[in-house]
Amino acid sequence: MIALYAPMFLMIAVAALLAGAFFLGATYLGGKVNKTVEKMKPFECGSESSGGRHLRPSVKFYLTAILFVVFDIETVFLYPWAIQFKSLGWVGVGSMFGFLGVVIVALVYVVKKGALEWES
């Protein structure tokens, strides 16, 4: 049983070692930054920002971002189903059509509510 999960544990261990090595390398080998007024000024693309720092972004921005993540994750659920398509049989096809039906109903609802329309 342990041999079945050995590659997964090995991958987690390598990832943890790399993350720790990068963190320790950046902490102890990286240069220390002297915080000056010039270095602490906000900038965009190498030039000074011209206002808008204290304005709150629209809720529409966050709503669009969340909807993107939700529908993106739903498409990720389609990949394993597509890989195992032949072995799942009609039960797998039916359950995936049910899942896609829910996704399509949710997308139609979002479009009807106007959540994907961008207005300044």
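**Entry 1: a glycine in α4**

I started with G92 and found that G92 is buried, with a relative accessible area of 8%. I keep in mind that I am looking at a predicted model. I then looked up where G92 sits, and G92 belongs to helix α4. Which residue did I pair with G92 for a distance check, eleven residues away along the chain? I chose W81, and the C-alpha atoms of G92 and W81 are separated by 7.9 Å.

**Entry 2: the whole chain**

Next I stepped back to see the layout. How many helices and strands does the protein chain have? I noted four helices and two strands. Reading along the sequence, I wrote down the pattern α-α-β-β-α-α.

I also looked up how much of the chain is buried. Of the 120 residues in the protein chain, 9% are buried. The accessible surface comes to about 10,900 Å², and carbon and sulfur atoms account for 73% of that surface. For contacts, I took those between residues at least 6 apart in sequence, and 49% of them join residues at least 24 apart.

**Entry 3: helix α3**

I wanted to test the length of helix α3, which covers residues 59–83. Its 25 residues, at 1.5 Å a residue, should span 36 Å. I found the C-alpha atoms at its ends 38 Å apart, so the span agrees with what was expected.

Which residues of α3 are buried? My list reads L67, F71 and E74. I looked for what covers these buried residues, and the cover includes α4, residues 85–113.

**Entry 4: a buried glutamate**

E74 caught my eye, so I gave E74 an entry of its own, with its relative accessible area of 18%. The cut-off for buried is under 20%, which is why E74 counts as buried. E74 is part of helix α3.

What does E74 touch, once residues up to four places away in sequence are set aside? I found F99 and V103. E74 and F99 are 25 residues apart in sequence, and their C-alpha atoms are 9.1 Å apart in space.

I turned to V103 as well. Leaving aside neighbours within four places in sequence, V103 is in contact with F71 and E74.

**Entry 5: the nonpolar core**

I had now met several of the names that came up here. The largest nonpolar core has five residues, and I listed them as L67, F71, V103, V110 and A115. Helices α3 and α4 each supply at least two residues of this core.

**Entry 6: a patch on the surface**

Last, I went to the outside of the model. I found a nonpolar surface patch of about 810 Å², made by M1, L4, Y5, M8, F9, M11 and I12. I picked F9 for a closer look, and F9 is in helix α1, residues 2–28. Is F9 buried, partly exposed or exposed? Its relative accessibility is 46%, so I wrote F9 down as partly exposed.

Key
Residues are numbered from 1 along each chain as its sequence is written. This is a predicted model: local features need pLDDT of at least 70, side-chain atom pairs count only at pLDDT 80 or more; totals for chains, interfaces and linings use all residues. Side-chain values use heavy atoms; hydrogens and water are left out. Patches are made of residues with over 30% relative accessible area and no salt bridge: like charges are joined within 9 Å, nonpolar side chains (Val, Leu, Ile, Met, Phe, Trp, Tyr) within 5 Å. Accessible areas come from the Shrake-Rupley method with a 1.4 Å probe; for residues, only the protein chains shown count as cover. A salt bridge is a side-chain nitrogen of Lys or Arg within 4 Å of a carboxyl oxygen of Asp or Glu. Buried means under 20% relative accessible area, exposed over 50%, partly exposed in between (1.4 Å probe, protein chains only). The expected span of a helix is 1.5 Å times one less than its number of residues. Contact means heavy atoms within 4.5 Å. A nonpolar core is a set of buried Ala, Val, Leu, Ile, Met, Phe, Trp, Tyr and Cys residues joined through side-chain atoms within 4.5 Å.
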